[in-house]
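Could you walk me through how the helices of this protein sit against one another, and point out some residues worth finding on screen? Please keep to what can be seen in the structure itself.

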Amino acid sequence: MADPARMSRPGIAPRILASWRRPGQVVRELSPLGEGTLVALLMGAMLIFLIAQAPGHARAAALDPSVPLGGRMAGAVMAVIFVMPLLAYAAAWLVAAVAGLTGSRLSGPDSRLALFWALLAIAPAMLLSGLVEGLIGPGTALFATRLLAGVGFLFIWAAGLRALSRAA
């Protein structure tokens, strides 16, 4: 369990905002978290990602009614809630294994924390991207919001991995 003195700071939302400025420090403050908490972080991120996809699916269903919104959302639920967590665990395991081969002391739980926190930290950018997709559709604005989310994810994940491998 994480140190109670470090965990007495504000909740999730302020930490998400802080992750865009100083991700390494935020992830270091969260370490170590129990496996149940890590799963909750991952599933919270996946739920937000699912919600973020709804406007785009609604727009697509309105433009092409051959696949109804319910069918589109059912596919999204299957992908985001069931498949993505498995892929996230596999990616975290692979990163921890590669880090071990390179001599880094990054543990499996730390690798999962860095990845799962990065996913949760980019949730606001994903929500913005979903709104842009639903309201504006394909174009420069959608590309820019997805680029922001992607670069933010890589930045936060890399900083988290770096911070946790140093702390080990």
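Start with helix α4 (residues 35–63) and helix α7 (residues 123–135), whose axes lie 7 Å apart and make an angle of about 10 degrees. Keep in mind as you look that this is a predicted model. Angles under 35 degrees count as roughly parallel, and α4 and α7 are therefore described as roughly parallel to each other. To find the contact on screen, select I48, F49, I51, A52, P55, G56 and R59 on the α4 side. Their partners in α7 are A123, M126, L127, G130, L131, E133, G134 and L135. Sorted by type, the residues of this contact come out as 10 nonpolar, three polar and two charged.

While you are at α7, have a look at S129, which also belongs to this helix. Is S129 buried or exposed? Its relative accessibility is 4%, and the cut-off for buried is under 20%, so S129 counts as buried. Setting aside neighbours within four places in sequence, S129 is in contact with L142, T145 and R146.

Next, step back along the chain to helix α3, which covers residues 23–30. Six of its eight residues are buried, so α3 is largely enclosed by the rest of the structure. The buried residues are P23, G24, V26, V27, E29 and L30. In the loop between α3 and α4 you will come to P32. The peptide bond that joins S31 to P32 is cis, with an omega of about -5 degrees.

Now turn to another pair of helices, α5 and α6. Their axes come within 8 Å and cross at roughly 130 degrees. That angle falls outside the ranges for roughly parallel, antiparallel or perpendicular, and α5 and α6 are therefore oblique to each other. The crossing of α5 past α6 is right-handed. From α5, the residues that take part in the contact are A88, Y89, A91, A92, V95 and A96. They meet G108, S111, R112, L115, F116 and L119 of α6. By type, the residues of this contact are nine nonpolar, two polar and one charged.

One of those α6 residues, S111, deserves a closer look. How accessible is S111? Its relative accessibility is 1%, so S111 counts as buried. Leaving out residues up to four places away in sequence, S111 touches A92, V95, A96, L106, W157 and L161. The contact with L161 spans a good stretch of sequence: S111 and L161 are 50 residues apart along the chain, while their C-alpha atoms are separated by 6.5 Å.

Finally, let us look at the aromatic rings. A pair of aromatic rings is described by the distance of the centres and the angle of the planes. Ring centres within 6.5 Å make a pair, and the count comes to two aromatic pairs. In one of them, the rings of Y89 and F116 have centres 5.1 Å apart and planes at 65 degrees, so this pair is edge-to-face. Y89 sits in helix α5 (residues 69–101) and F116 in helix α6 (residues 108–121), so the pair links parts of the chain that are distant, 27 residues apart. Y89 has 27% relative accessibility and counts as partly exposed, whereas F116 is buried, with a relative accessible area of 0%.

The other pair is formed by F153 and W157, with 5.3 Å from centre to centre and 35 degrees between the planes, and is classed as tilted. Both residues lie in helix α8 (residues 140–167), four residues apart, which is about one turn of the helix. F153 counts as buried at 16% relative accessibility, and W157 is buried too, with a relative accessible area of 16%. You have already met W157, since it is among the residues that S111 touches.

Key: Residues numbered from 1 in each chain as written. Predicted model: local features only at pLDDT ≥ 70, side-chain atom pairs only at ≥ 80, totals over all residues. Heavy atoms only, no water. Axes fitted to C-alpha atoms, helices over the stretch in contact; angles between N-to-C directions. Helix = DSSP H or I, 4+ residues; strand = E, 2+ residues; numbered from the N terminus. Parallel < 35°, antiparallel > 145°, perpendicular 65-115°, else oblique. Contact = heavy atoms within 4.5 Å. Nonpolar A, V, L, I, M, F, W, Y, C, P; charged D, E, K, R; others polar. Buried < 20%, exposed > 50% of the residue type's maximum accessible area, 1.4 Å probe, protein only. Phe/Tyr/Trp six-rings, centres within 6.5 Å; stacked < 30°, edge-to-face > 60°. Left-handed = near helix turned anticlockwise from the far one by under 90°.
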